[in-house]
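Got your viewer open? Take the stops below in order, selecting as you go.

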Amino acid sequence: MKKVNLAVVGATGMVGRTFLKVLEERQLPIENFYVMASSRSAGSTLTFNGKDYVVEELNEHSFDKPIDIALFSAGGSTSAKYAPIAAAHGCVVIDNSSQWRMDPEVPLIVPEVNPEDINWHKNIIANPNCSTIQAMVALKPLDDKFKIKRVVYSTYQAVSGAGVAGWKDLEDGLKGVEPKKFPHPIANNCLPHIDVFLDNGYTKEEEKMINETRKILHRPDLKVTATTVRVPVFDSHSESINIEFEKPFEMAEIFETLKNAPGVVLEDDPQNNVYPLAIHAAGHDEVYVGRIRRDESVENGVNIWVVADNIRKGAATNAVQIAQVLIEKMQ
């Protein structure tokens, strides 16, 4: 198998470090490996596959050397500046920020859902929002079979989605320390406020889920609404998803479709208290689905509960899976 030169940009952050972990686990064929970050982290050392790597400062010349694939998780402004530079040098950027997600020239990819969209990339590929990724893994097979008419998202999102500062706010808050990242205490609390509020009353996070769902499913007119909530959980996002279909269905068909869906683990035995839990999803790459039941208030509706590790499948693992598809195409 052809080996590639691979860089991780934002390597010292929460997602960046998870990139390294997932890359090690999946054993991608890497020839030369580079870790990059801001000047604050430059000069520090990261270990990858048993070897120490010095963190390089990201700058305009970082991609003068031959790099085939770069995994970016360094924020939107960094990506806006440096992804085009990398792309111009022939490097394929897989970007974890929101910078490129809604750009019509940039594919937005969940490998289990729309890998064919990778084919039209122009050296930049966007990784969707963490909450969108896990929803798509569950919704795509159902959309293929029954055609989704409307989706209502209600999310229960872990503090790790807000980075190290979010994690620390919960950790400190449990000791009675005032929050620094969130506008209110997150310990023993739920905040219906993720990202900034927009003029229409939705938050940016809610708009991301709505718009990204439409783009990934190639359904620009799909009716989607969302309420996203930060909860006092360290890892893994949980989502209540209400779906209305165009076509009628038997519940057995819903179970069968999800049971056979790539990347999905069915956990649905309520009589024995078996259903997806954030604490069990943490550290895993799969999307867990359960609490599946008919919505009896509409003609063709169903409710599902979807849980996944937001730093792994919701960010790092999804990006590494995209890299795996790219490497296969290079062979």
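Leaving aside its neighbours within four places in sequence, which residues is threonine 203 in contact with? Select threonine 203 and look around: setting those neighbours aside, His193, Ile194, Val196, Phe197, Leu198 and Thr228 are the residues in contact with threonine 203. Before going further, keep in mind that this is a predicted model.

**Stop 1: around threonine 203**

You're in the loop between helix 4 (163-173) and helix 5 (204-216) here. Threonine 203 counts as buried because its relative accessibility is 1%, and the cut-off for buried is under 20%. Now add proline 192 to the selection: 11 residues separate proline 192 from threonine 203 in sequence, and the C-alpha to C-alpha distance is 9.1 Å.

**Stop 2: the sheet**

Switch to cartoon view and find the open sheet. Its 6 strands come in the order 5-2-1-6-7-8, with parallel pairing. At the edges sit strand 5 (56-57) and strand 8 (124-126), each of which pairs on one side only.

Next, select strand 1 (residues 4-9) and strand 2 (residues 30-37): they run parallel and are joined by 5 bridges. To see one facing pair, pick alanine 7 in strand 1 and look across to tyrosine 34 in strand 2, which stands opposite.

Stay with the sheet and bring in two helices:

- Helix 2 (residues 76-88) packs on the sheet and touches strand 6 (69-72), strand 7 (92-95) and strand 8. The direction of helix 2 makes about 155° with that of strand 7.
- Helix 8 (residues 312-330) also packs on the sheet, touching strand 1, strand 6, strand 7 and strand 8. Compare the direction of helix 8 with that of strand 6 and you get about 170°.

**Stop 3: the side chains of strand 1**

Turn on side chains for strand 1. In a regular strand, side chains alternate between the two faces of the sheet. Here, Val4, Leu6 and Val8 point one way, while Asn5, Ala7 and Val9 point the other way. Are these residues buried or exposed? All are buried. With 6 of its 6 residues buried, strand 1 is therefore largely enclosed by the rest of the structure.

**Stop 4: where helix 3 meets helix 8**

Select helix 3 (residues 130-146) together with helix 8. Their axes are 8 Å apart, and the packing angle is about 85°. That angle falls between 65 and 115 degrees, so the two helices are roughly perpendicular to each other. Show the side chains at the contact: helix 3 brings Cys130, Ile133 and Val137, and helix 8 brings Lys313, Gly314, Ala315 and Asn318. By type, the contact residues divide into 4 nonpolar, 2 polar and 1 charged.

**Stop 5: the cysteines**

How many disulfides does the structure hold? The count is 0. Try cysteine 130: the nearest cysteine sulfur belongs to cysteine 190 and is 17 Å away, and cysteine 130 is in no disulfide. Cysteine 130 is buried, with a relative accessible area of 15%. Then jump to cysteine 91, which also counts as buried, at 1% relative accessibility.

**Stop 6: two asparagines**

Most residues other than glycine have a negative phi. For two exceptions, start at asparagine 49, in the loop between strand 3 (45-48) and strand 4 (51-54). Asparagine 49 has a positive phi of about 50° and is partly exposed, with a relative accessible area of 45%. Finish at asparagine 123, in the loop between strand 7 and strand 8, where the phi is positive at about 75°.

Key. Residues are numbered from 1 along each chain as its sequence is written. This is a predicted model: local features need pLDDT of at least 70, side-chain atom pairs count only at pLDDT 80 or more; totals for chains, interfaces and linings use all residues. Side-chain values use heavy atoms; hydrogens and water are left out. A disulfide is a pair of cysteine sulfur atoms within 2.5 Å. Buried means under 20% relative accessible area, exposed over 50%, partly exposed in between (1.4 Å probe, protein chains only). Two strands pair if DSSP finds at least two bridges between them. Helices (H or I, at least four residues) and strands (E, at least two) are DSSP runs, numbered from the N terminus. Contact means heavy atoms within 4.5 Å. Axes are lines fitted to C-alpha atoms, for helices over the stretch in contact, and angles run from 0 to 180 degrees between N-to-C directions. Angles under 35 degrees count as roughly parallel, over 145 as roughly antiparallel, 65 to 115 as roughly perpendicular and the rest as oblique. Ala, Val, Leu, Ile, Met, Phe, Trp, Tyr, Cys and Pro count as nonpolar, Asp, Glu, Lys and Arg as charged, and the others, Gly among them, as polar.
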